[in-house]
Amino acid sequence: MDKKEFGQALKCLRKERHITQQELAEKLYVTTSAVSKWENGQNYPDIETVCKIANLFGVSVEELMETASIPETVDIHATPDTQETAIPHRRKILFFIVPSVVTAVSILVMICHLTLPRFRVTETTSAEDTLFGNVVEISVRTDGIITDELYNKQDRLILQEWKLGRYGETGVEVVKLCYYSADLATPNRVIYLFPYM
């Protein structure tokens, strides 16, 4: 799939979900200019971002990067002999290219599943905290390699969603985020956020 085809596919997915370029850029932690360049066929996103885009739109990387069928065009200036040999030559090229692309995409998918950080809100409760009194406690499961920068971005994202009412009660003064690794019963990171300060 060339840059223009990828851009058209991305634009269609974005518009189907009624998401603006700015909203998509915020969800992917990139600039609006980057999203615009992808959609206009000027550039590709990096591998990690392709995986994020696929996850965001609920499609596989293969579906996102699926190659369009290449039409077999006939050169009107060619002689009948060269036309006959050109078509099998194109098929031979496709015979070798398509499996290579499928293999590359499969490897990308495996890499994405192994290394991409994932956050999943598992529970939201009102709780009495010894430090701050009545708080909303949001439990988040984490997978993958997560840096402090990713934690901070996730903190801001959850706080935004909480302000919009996604996680229930919005009248309290403090939000307590508890991050759990998949194999831990106690949180490996606890942070208090003060949304109205």
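Read from the N terminus onward, the chain runs α-α-α-α-α-α-β-β-α-β-β. That adds up to 7 helices and 4 strands, all in a model that is predicted. Of the 197 residues in the chain, 31% are buried. As for the outside, the chain exposes about 12600 Å², with carbon and sulfur atoms supplying 56% of that area. Contacts can also be sorted by how far apart the partners sit in sequence: taking those between residues at least 6 apart, 55% link residues at least 24 apart.

Now to the helices at the N-terminal end, starting with α2, which spans residues 21-28. Its buried residues are L24, A25 and L28. Seen down the helix axis, these fall within an arc of 100°, so they line one face of α2. The spacing fits a familiar piece of helix geometry: with 3.6 residues a turn, residues three or four places apart point the same way. As for partners, the buried residues of α2 pack against α1, α3 and α4. Right after the helix comes Y29, which takes a positive phi of about 60°.

Helix α3 can be read in much the same manner. It covers residues 32-39, and V35, W38 and E39 are buried there. A glutamate thus sits in the buried set alongside a valine and a tryptophan. Around the axis these residues cover an arc of only 95°, which puts them on the same side of α3. What do they pack against? The buried residues of α3 pack against α1 (3-16), α2 (21-28) and α4 (47-57). So α2 and α3 each appear in the other's list of partners, with α1 and α4 named in both. Beyond the end of α3 lies G41, and here too phi is positive, near 75°.

That leaves the cysteines. How many disulfides does the model hold? With a pair of cysteine sulfur atoms required to lie within 2.5 Å, the count comes to 0. Two cysteines can be described by their surroundings. C12 has 46% relative accessibility and therefore counts as partly exposed, a class that runs from the 20% limit for buried residues up to the 50% limit for exposed ones. C178, on the other hand, has 2% relative accessibility, so it counts as buried.

Terms used:
Residues are numbered from 1 along each chain as its sequence is written. This is a predicted model: local features need pLDDT of at least 70, side-chain atom pairs count only at pLDDT 80 or more; totals for chains, interfaces and linings use all residues. Side-chain values use heavy atoms; hydrogens and water are left out. Helices (H or I, at least four residues) and strands (E, at least two) are DSSP runs, numbered from the N terminus. Buried means under 20% relative accessible area, exposed over 50%, partly exposed in between (1.4 Å probe, protein chains only). Contact means heavy atoms within 4.5 Å. Accessible areas come from the Shrake-Rupley method with a 1.4 Å probe; for residues, only the protein chains shown count as cover. The arc is that of the directions from the helix axis to the C-beta atoms.
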